[in-house]
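Work through the exercises below with the sequence and the structure at hand. Each task is followed by a solution in steps.

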Amino acid sequence: MNIFEQRESSIRAYSRVYPTVFAKAQNARQTDENGKEYIDFFAGAGVLNFGHNNPRMKQALIDYLQDDGVLHSLDMQTTAKAKFMERYTEVILQPRNMPHRMQFMGPTGTNAVEAALKLARRATGRNEVVAFSHGFHGMTLGALAATANQYFRNASGVPLLHVRHEPFGCEVQCRGCEANCGIGALQSLAARYRDSSSGMAPPAAFLVETIQAEGGVNVASKEWMKALAALAKELGSVLIVDDIQVGCGRTGNYFSFDDLDIEPDIVCLAKGIGGIGTPLAMNLVHPDLDRHWSPGEHTGTFRGQNLSFVAGTEALSYFETPEFMEQVAAKADVMREHLQPLLKSDSSLQLRGKGMILGLDVGNGERAAAVVKRCFEDGLLLATCGTGGRVLKLIPPLTIPEADLLQGLGIMSDAVRAVMEEAA
Ligand SMILES: Cc1ncc(COP(=O)(O)O)c(C=O)c1O
């Protein structure tokens with residue numbers, strides 16, 4: 001028994017899926033303590049968009065440490081924080097005419113969602129929030145109430161209140177899903193809100209992922225997202241886009257909603273925003289809402305971590321020119337093309353996704369787990385998502401070299417073929 005089996009809490013999860021001890025990592029590869037290399041199609045669930053130990057970010061961190069830069073500062077003003085905020089304004093916000101303010105909180109996604117929910121409720125004076133089927137927003141109680149997965153909800157120990165779960169508006173209906181989702185369901189929800197005798201009061205907020213990553217790589221249709229944004233506006237509700245997993249370049253745009261023609265009031269960001277895996281969470285908050293906060297009301301010891309600001313500032317340079325996003329689009333095409341023969345050979349498989357997040361639905365969780373196990377043995381790290389874990393999630397670093405991408409896709413295709421044949 002190793003130290004993890006002896007002493008780590010029984011809650012450990014990924015270490016059971018990947019039963020080895022990782023020692024080193026570079027870009028899209030991790031090496032375990034025995035020297036075995038793995039191609040990483042998991043990338044810290046969307047944290048490592050710029051790869052493991054990104055050399056530019058690593059150098060910036062080394063320089064900052066050498067210079068005795070401030071490491072911890074609560075939410076005080078530091079040079080690292082100023083640089084990050086200035087560059088973020090220049091590279092991301094100004095080109096989009098976004099007047100949003102930056103709010104930093106404890107450095108996890110769930111904390112960003114908590115802050116967004118609090119502010120929406122405060123600003124509107126309303127309790128209820130609308131979230132969506134298959135949505136995932138985090139594990140703390142407020143965010144968990146908006147998370148749909150029953151396994152996680154069951155661990156709460158208290159009732160999860162003040163959230164209404166409505167059907168998500170998938171671009172393509174998930175195979176095997178009988179739910180009445182999509183634009184029809186949203187229109188019916190809108191009609192109930194408009195009927196003053198429906199018994200429904202307008203919500204404080206609509207909380208939505210444009211692509212439900214943990215939920216099974218379900219991509220919302222543009223029509224549905226626009227209708228949702230219009231409904232939020234009509235009802236005076238706050239539109240919160242949770243871009244924690246699919247923001248920061250994942251879809252081929254900086255924000256996943258850049259091409260959706262919507263204007264969120266709050267955007268929740270975490271994971272990739274800290275650049276190299278250094279933790280950071282940030283909400284972009286419209287100034288009309290931001291004025292409802294009083295100083296320190298959503299506090300936290302690690303509100304903005306200076307090493308994360310340093311690496312996060314370096315990450316922004318990837319978005320200064322269109323080149324990086326063009327590379328992401330090209331790699332996304334490679335991924336889709338490579339999987340075509342597999343899809344043609346087995347019509348029960350369904351591929352969903354956008355940019356460099358793809359989900360391959362293999363029908364049930366047992367098959368998906370068997371594929372992940374084979375991939376691990378063959379040197380590929382892959383995760384599952386969706387109901388019962390039936391979807392293989394491909395979310396490699398955006399910086400992955402094409403050779404690694406092709407090798408990983410090859411390992412995965414072989415594993416899927418073998419598992420599907422065994423199941424037939
Ligand atoms: C869309 C989304 N929101 C929120 C979270 C929660 O983030 P964290 O695990 O950092 O609390 C996640 C994590 O996977 C996520 O994918």
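**Exercise 1. Helix α6**

Task: For α6 in this predicted model, find how many of its residues are buried, and check its span against the expected value.

Solution. Step 1: α6 is mostly covered, with 14 of its 16 residues buried. Step 2: At 1.5 Å a residue, these 16 residues should span 22 Å. Step 3: The end C-alpha atoms of α6 are 23 Å apart, which agrees with the expected span. Step 4: Go on to the residue just after α6, Gly 125, which takes a positive phi of about 70°.

**Exercise 2. The largest nonpolar core**

Task: State how many residues the largest nonpolar core has and which residues have the most contacts inside it. Then find which helix gives it the largest share.

Solution. Step 1: The largest nonpolar core has 119 residues, and Ala 112 and Ile 240 are those with the most contacts inside it. Step 2: Helix α6, residues 109–124, provides the largest share of this core, eight residues. Step 3: Both domain 1 (3–54 + 322–423) and domain 2 (69–319) contribute at least three residues each to this core. Step 4: Take Ile 240 and set aside residues up to four places away in sequence; Ile 240 then touches Ala 116, Ala 120, Ala 205, Phe 206, Leu 207, Pro 264, Asp 265, Ile 266 and Cys 268. Step 5: As a general background, nonpolar side chains tend to be buried together in soluble globular proteins.

**Exercise 3. The shell around the ligand**

Task: Which residues come nearest to the ligand, and how do the residues of the shell divide by class?

Solution. Step 1: There are 15 residues around the ligand, and Thr 108, Gly 109, Thr 110, Gly 138 and Gln 245 come nearest. Step 2: The shell divides into six nonpolar, six polar and three charged residues. Step 3: α6 gives the most to this shell, with three residues.

**Exercise 4. Two domains and their contact**

Task: Find the distance between the centres of domain 1 and domain 2, then describe the side of domain 1 that touches domain 2.

Solution. Step 1: The chain is divided into domain 1 (3–54 + 322–423) and domain 2 (69–319). Step 2: Taken over C-alpha atoms, the centres of the two domains are separated by 25 Å. Step 3: In the contact there are 30 residues from domain 1 and 27 residues from domain 2. Step 4: On the side of domain 1 that touches domain 2, at least two residues come from each of α3 (43–46), α13 (323–345), β13 (350–354), β14 (357–361) and β17 (391–394). Step 5: The largest share of that side, five residues, comes from α13. Step 6: Sorted by class, that side has 15 nonpolar, eleven polar and four charged residues.

**Exercise 5. Buried or exposed?**

Task: Decide whether Phe 132, Val 416 and Ala 155 are buried or exposed. The cut-offs are 20 or more other C-beta atoms within 10 Å for buried, and 12 or fewer for exposed.

Solution. Step 1: Phe 132 lies in strand β5, residues 129–132. Phe 132 has 26 C-beta neighbours inside 10 Å, so it counts as buried. Leaving aside neighbours within four places in sequence, Phe 132 is in contact with His 165, Glu 166, Pro 167, Phe 168 and Val 208. Phe 132 and Leu 207 are 75 residues apart in sequence, and their C-alpha atoms are 7.7 Å apart in space.

Step 2: Val 416 is found in helix α15, residues 402–423. Val 416 has 25 other C-beta atoms within 10 Å and is therefore buried. Outside its neighbours within four places in sequence, Val 416 is in contact with Leu 342, Leu 360, Val 362 and Val 371.

Step 3: Ala 155 is placed in the loop between α8 (150–153) and β6 (163–166). Ala 155 counts as exposed because it has 10 C-beta neighbours inside 10 Å.

**Exercise 6. Positive phi outside glycine**

Task: Where do Ala 43 and Cys 248 lie, and what is the phi of Ala 43 and of Cys 248?

Solution. Step 1: Ala 43 is in helix α3 and has a positive phi of about 50°, although it is not a glycine. With 28 C-beta neighbours inside 10 Å, Ala 43 counts as buried. Step 2: Cys 248 lies in the loop between β10 (238–242) and β11 (266–269), and its phi is near 55°, a positive value. Cys 248 is buried, with 29 other C-beta atoms within 10 Å.

Terms used: Residues numbered from 1 in each chain as written. Predicted model: local features only at pLDDT ≥ 70, side-chain atom pairs only at ≥ 80, totals over all residues. Core = buried A, V, L, I, M, F, W, Y, C linked by C-beta atoms within 7 Å. Helix = DSSP H or I, 4+ residues; strand = E, 2+ residues; numbered from the N terminus. Domains from an automatic or database assignment. Contact = placed C-beta atoms within 7 Å. Expected span 1.5 Å × (residues − 1). Near = placed C-beta within 6 Å. Nonpolar A, V, L, I, M, F, W, Y, C, P; charged D, E, K, R; others polar.
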